[in-house]
Amino acid sequence: MKVLVIGSGGREHALVWKLAQSPHITQMWCAPGNAGIAGERLTQNQSAVECINIGAEQLPQLVAFAQEKKIAFTVVGPDKPLALGIVDLFEKNSLRIWGANQKAAQFESSKAFSQDFMERHGIPTARSGTFAEQHAAKKFAATLNGRCAVKADGLALGKGVLMCGNVDEANKAIDEILVSKAFGSAGSKIVIQEFLEGMEISLHALCDGKTAKLFPTAQDHKRALDGDQGLNTGGMGTYSPAPFLTDAELASVGAKILKPWLKGCAADGIVFKGLLYPGVMLTKDGPKVIEFNARFGDPEAQVYLTRLENDLMELLEASVDGALDKIELRWNPMSSVCVVMASGGYPGSYPKGKPISGLAEAGQLTNTKIFHAGTACAGDQIVTNGGRVLGVTAWAKDLSAARNAAYAGVDRITFEGAQYRRDIAAKALS
Ligand code: AMP
């Protein structure tokens, strides 16, 4: 089977790496991919994965490519093409594709949509309000004493959430998004949520329109600096499993969220075939959803896919075909840790084109995989080409060993200005 993967980050490298192990796949392309993806080969016939120069948001060109190459199955990694309706467009052209359709992708592309859905269908979430006008927004924020999260409604590269501790900060955040348009049209509406305290975890569930299969827990590290300091990023590292829930507790949390979510989707005519990724705060009053995403987390995909034992191709086909009820997800019992190495300055501005050394040496380590995110080839050299550059991922019998192995990989890699957190998974071990 010929497969096309869309996207260019660490998540897409992890998807390509796992799919490349499937005996069902004979040829694979990635649009646009990165230097690491271009180095992957299919296990069954050693054919190289080919990166093609089409952007993940160039939908007509992607359709034309899939038609020309007779692609049997397309896998979408990032949120933006899903929000633009890539799944609907491919299906209209009789092309098989995995990911949430445009209606379903609203769970991520509109925080106002998600919040309204959660409230109407009894999904536990933060007390909140949605506003298009600053005065009403400020009035509501004042009722929370300014302790809130002010969120741009639309997609804002993971940066559209401003955390506030008092009324002044809340008013400033509201002005920034609604008046100064810091996130452009993504901020034409805002959602204000009460500030929730607790342990934050990532849940993932593979869905086929009727069934949702819950993954084990993972925990992301969104802030740029150690000790959860600094700005919010796309994610600086992750690990799985997160030890804050037993299997029974995870099943109970999953049921509290996924049962009403599935019922709500059915009632609202939403057929969600793809990956639902709720961000959840474990508060003293129980689990509460702070947001939904409609695709794999990045870097969560890196740790999940290094633990998944099933053939990913079979899972994604079952998701499209509505056949997940017949499949059991199998996870290896190892722990997996991913440490993101980023360009100096990220999540602000950063230079590109810095040569990366030590990749071959780090790649030799056992049970370690260097997933590429923002990398490119410059002649024979691999260079930095984005904010998040690499996701150094290692798996081992327990979290402590996996963490040591991931940092052993990081220690072998250098590029000018490299920054990374030194405390990935530390919370779980303390
Ligand atoms: P989001 O993109 O909505 O997940 O928000 C980004 C990050 O901001 C989350 O991962 C949390 O760490 C934090 N956050 C968002 N909403 C809340 C909330 N209501 N209470 C506390 N922290 C939050």
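**Exercise 1. The start of H11**

Find which residue's side-chain oxygen reaches the backbone nitrogen of methionine 313, and work out how covered helix H11 is.

*Solution.* Keep in mind that you're looking at a predicted model.

- Step 1: Go to the start of H11, where a side-chain oxygen of aspartate 311 comes to within 2.8 Å of the backbone nitrogen of methionine 313.
- Step 2: Now walk along the helix, residues 312-321; 8 of its 10 residues are buried, so by the under 20% cut-off H11 is mostly covered.
- Step 3: Tick off the buried ones: Leu312, Met313, Leu315, Leu316, Glu317, Ala318, Ser319 and Val320. Notice that this list includes Glu317 and Ser319 alongside residues such as Leu315.
- Step 4: Check what follows the helix. Just after H11, glycine 322 has a positive phi of about 70°.

**Exercise 2. What holds the ligand?**

Identify which protein atoms make polar approaches to the ligand, then describe the shell around the ligand.

*Solution.*

- Step 1: Start with the ligand's oxygen. One such atom sits 2.4 Å from a side-chain N or O atom of glutamate 200.
- Step 2: Turn to the ligand nitrogens. Leucine 196 uses a backbone N or O atom, 2.8 Å from a ligand nitrogen, while glutamine 193 puts a polar side-chain atom 3.1 Å from a nitrogen of the ligand.
- Step 3: Ask how much of the ligand gets covered. On its own, the ligand exposes 470 Å², and the protein buries 91% of that.
- Step 4: Look at the company it keeps. There are 15 residues around the ligand, and Lys151, Glu194, Leu196, Glu200 and Glu291 come nearest. By type, the shell splits into 7 nonpolar, 2 polar and 6 charged residues.
- Step 5: Map the shell onto the fold. Strands E7 (148-152), E8 (161-164), E9 (190-194) and E18 (286-293) each give at least two residues to the shell.

**Exercise 3. A closer look at glutamine 193**

Decide whether glutamine 193 is buried or exposed, and list the side chains that make polar contacts with glutamine 193.

*Solution.*

- Step 1: Place the residue: glutamine 193 belongs to strand E9.
- Step 2: Read its accessibility. The relative value is 2%, so glutamine 193 counts as buried.
- Step 3: Find the polar partners. Its side chain contacts that of lysine 151 at 2.8 Å and that of glutamine 115 at 3.0 Å.
- Step 4: Widen the view. Beyond four places in sequence, the residues touching glutamine 193 include Thr125, Arg127, Ser128, Cys148 and Val289.

**Exercise 4. Tracing the cores**

Name the residues that touch the most other members of the largest nonpolar core, and trace the contacts of tryptophan 261 and phenylalanine 117.

*Solution.*

- Step 1: The largest nonpolar core has 48 residues, and Ile86, Phe107, Trp261, Phe272 and Phe292 touch the most other members. Helix H9 (residues 247-268) supplies the largest share, 6 residues.
- Step 2: Take tryptophan 261. Setting aside neighbours within four places in sequence, tryptophan 261 contacts Phe107, Phe117, Ile123, Cys207, Phe272, Leu276 and Phe292.
- Step 3: Separate off the other core, which has 39 residues, among them Leu42, Phe73, Leu308 and Leu315.
- Step 4: Move to phenylalanine 117, in helix H6 (residues 111-120). With a relative accessible area of 0%, phenylalanine 117 is buried.
- Step 5: With the same sequence neighbours left out, phenylalanine 117 contacts Phe107, Ile123, Trp261, Gly264, Cys265, Asp268 and Ile270.
- Step 6: Put that in context: in soluble globular proteins, nonpolar side chains tend to be buried together.

Key
Residues numbered from 1 in each chain as written. Predicted model: local features only at pLDDT ≥ 70, side-chain atom pairs only at ≥ 80, totals over all residues. Heavy atoms only, no water. Near = heavy atom within 4 Å. Polar contact = N/O pair within 3.5 Å; in protein donor to acceptor, adjacent residues only side chain to side chain. Areas by Shrake-Rupley, 256 points an atom, 1.4 Å probe, with all protein chains shown as cover. Helix = DSSP H or I, 4+ residues; strand = E, 2+ residues; numbered from the N terminus. Nonpolar A, V, L, I, M, F, W, Y, C, P; charged D, E, K, R; others polar. Core = buried A, V, L, I, M, F, W, Y, C linked by side-chain atoms within 4.5 Å. Buried < 20%, exposed > 50% of the residue type's maximum accessible area, 1.4 Å probe, protein only. Contact = heavy atoms within 4.5 Å.
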